[in-house]
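Thanks for coming, everyone. I have one structure for you today. Please have a look at it on the screen, and then we will walk through it.

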Amino acid sequence: MLMVLLPRLRWLLTGLVAIGHMSILAKADAASAGSAAQPGFNMSAVTLAEALTQGAGQSAPSVTANKETTTVLDSQPVLEQEAREGNREALAKEAQNPIANLISFPIQWNATPASQWAPRSIDPSAEANRTLNVWNVQPVVPFNLNKDFLLISRTIIPVIQRPLTGNTDIIGIGDINPSLFLVPRTNSRLQLGLGPTLVIPSATDVQLSSQRWSAGPAAVAVYTSGPLVAGMLANNIWSFAGEGGRKINSMLIQPFINYNLANGWYLASSPIITSDWTAHEGRGWTVPIGGGFGRIFRLGSQPFNASFQAFWNVTRPEVVGDRLLGPVTLRLQIQALFPTGG
């Protein structure tokens, strides 16, 4: 029996070796043909950054190595990674997004000339010839709660120079306004954030303070597509504690639109619309219109964002029959950027 099987086993092994040899030759020929057809073809693996760069000019989104997920070019995870790698366009979009995973330190100066220090019913000599100056220090710090959520901390610390009687001014820190936004991490061009905002009566002088603790809900929506970054921030606060001053019920809406150009330049408009709901007959509205421009640049290795905007205050609040706020507000902002994420 063994003598019968040995010739057959030898024949089977010989056939398998021949088939393997033919397969190796066929693969070598195919590789050689491919090299001839595509000289210089790079067989190395393509990185995520290279894939995104190659797909930047295509309308369809690029696909990662995981076939079950799709990477949208203007989604927050992609912009976040590109900003960390020093991409100026991505860094500009992140700086324009108030709930981006980006540590930043903006200082904003708002100047409103032709303001009036008090109603004429209080001071008959008061004229619209003074300037209200407000410097807002606004640190933004993100925190990664987990792979699904970010917590964005935004705090406004105002330094106010307010005109008083005669030619005197009062300068000091106003009420501090911290806000928190819970932001879902999604692979989408649309980002949403929701959380509380608080006003602390921390001013260094009662004339710069509401003298009330106030709080309320705050929300942000941001949409990024190509050169466009647009959205809206809104909140409403009510006073709930504190003595002095008066009750607070006020709303803030800040729509913003940015159009990014070449070399870090961009056009911007971000008016701050406010309403004091306690004012009689709807006379507590401030509605500015306008805009300006900005640019992302570097000093050494440190990236900055600088912008200038001008607004015409179409509607201004009335106080005892007088409009104390000037008709024009100028805004200059410088913002240090730290694209390291939360």
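Start with glutamate 318. This residue is partly exposed, with a relative accessible area of 29%. Keep in mind that we are looking at a predicted model. Glutamate 318 forms a salt bridge with arginine 323, and the closest N and O atoms are 3.9 Å apart. Arginine 323 is partly exposed as well, at 42% relative accessibility. The pair does not stand alone. Salt bridges with shared partners connect Glu281, Arg283, Glu318 and Arg323 in one network.

How many salt bridges does a search of the whole structure find? The count is 10. Let me show you two more of them.

Take arginine 185 and glutamate 80. They form a salt bridge, with 3.4 Å between the closest N and O atoms. This one links distant parts of the chain: arginine 185 sits in the loop between E8 and E9, glutamate 80 sits in helix H3, residues 76-84, and the two are 105 residues apart. Are the partners buried or exposed? Glutamate 80 is buried, at 8% relative accessible area. Arginine 185 has 28% relative accessibility, so it counts as partly exposed, as the range for that class runs from 20% to 50%.

Now aspartate 276 and arginine 246. Their closest N and O atoms are 2.9 Å apart in a salt bridge. Again, distant parts of the chain are linked: aspartate 276 belongs to strand E14, residues 273-276, while arginine 246 lies in the loop between E11 and strand E12, with their positions 30 residues apart. Aspartate 276 is partly exposed, at 22% relative accessible area. Arginine 246 is partly exposed too, at 46%.

Back to helix H3 for a moment. Glutamine 81 is in that helix. Its relative accessibility is 35%, which makes it partly exposed. The side chain of glutamine 81 makes a polar contact of 2.9 Å with the side chain of glutamate 85. Glutamine 81 is also 10 residues from leucine 91 in sequence, and their C-alpha atoms are 9.7 Å apart in space.

Next, another glutamine. Glutamine 309 is in strand E16, residues 302-315. This one is buried, with a relative accessible area of 5%. What does its side chain join in a polar contact? The partner is the side chain of serine 270, at 3.0 Å. Beyond residues up to four places away in sequence, glutamine 309 touches several others, including Ala268, Gly291, Thr329 and Arg331.

Let's step back to the whole protein. It has four helices and 17 strands. There are 342 residues, and 36% of them count as buried. The accessible surface is about 19,200 Å², and 65% of that belongs to carbon and sulfur atoms. Among contacts with a separation of 6 or more, 56% are between residues 24 or more positions apart.

Now some strand pairing. Strand E9, residues 190-199, and strand E10, residues 213-225, run antiparallel and are joined by 10 bridges. In that pairing, glycine 195 has alanine 218 of E10 as its bridge partner. E10 also runs antiparallel to strand E11, residues 228-241, with 11 bridges between them. There, tyrosine 223 is partnered with alanine 230 in E11. The hairpin of E10 and E11 has two residues between the strands, and glycine 226 takes a positive phi near 60° in it.

A general point on strands. In a regular strand, side chains alternate between the two faces of the sheet.

That brings us to the core. The largest nonpolar core has 12 residues, among them Ile99, Leu150, Phe181, Ala218, Val220 and Leu233. Strands E6, E8, E10 and E11 are the elements that give two or more residues to this core. Which element gives the most? E10 does, with three residues.

Look at phenylalanine 181 in that core. Leaving out neighbours within four places in sequence, phenylalanine 181 is in contact with residues including Ile99, Leu150, Gly195, Ala218 and Leu233. Apart from this core lies another one, of eight residues, and Leu91, Ala95, Ala100 and Ile296 are among them. You met leucine 91 earlier, with its C-alpha 9.7 Å from that of glutamine 81.

That is the tour. Over to you.

Conventions
Residues are numbered from 1 along each chain as its sequence is written. This is a predicted model: local features need pLDDT of at least 70, side-chain atom pairs count only at pLDDT 80 or more; totals for chains, interfaces and linings use all residues. Side-chain values use heavy atoms; hydrogens and water are left out. Two strands pair if DSSP finds at least two bridges between them. A nonpolar core is a set of buried Ala, Val, Leu, Ile, Met, Phe, Trp, Tyr and Cys residues joined through side-chain atoms within 4.5 Å. Buried means under 20% relative accessible area, exposed over 50%, partly exposed in between (1.4 Å probe, protein chains only). Contact means heavy atoms within 4.5 Å. A salt bridge is a side-chain nitrogen of Lys or Arg within 4 Å of a carboxyl oxygen of Asp or Glu. A polar contact is a pair of N or O atoms within 3.5 Å; within protein, one must be able to donate a hydrogen and the other to accept it, and residues adjacent in sequence count only if both atoms are side-chain atoms. Accessible areas come from the Shrake-Rupley method with a 1.4 Å probe; for residues, only the protein chains shown count as cover.
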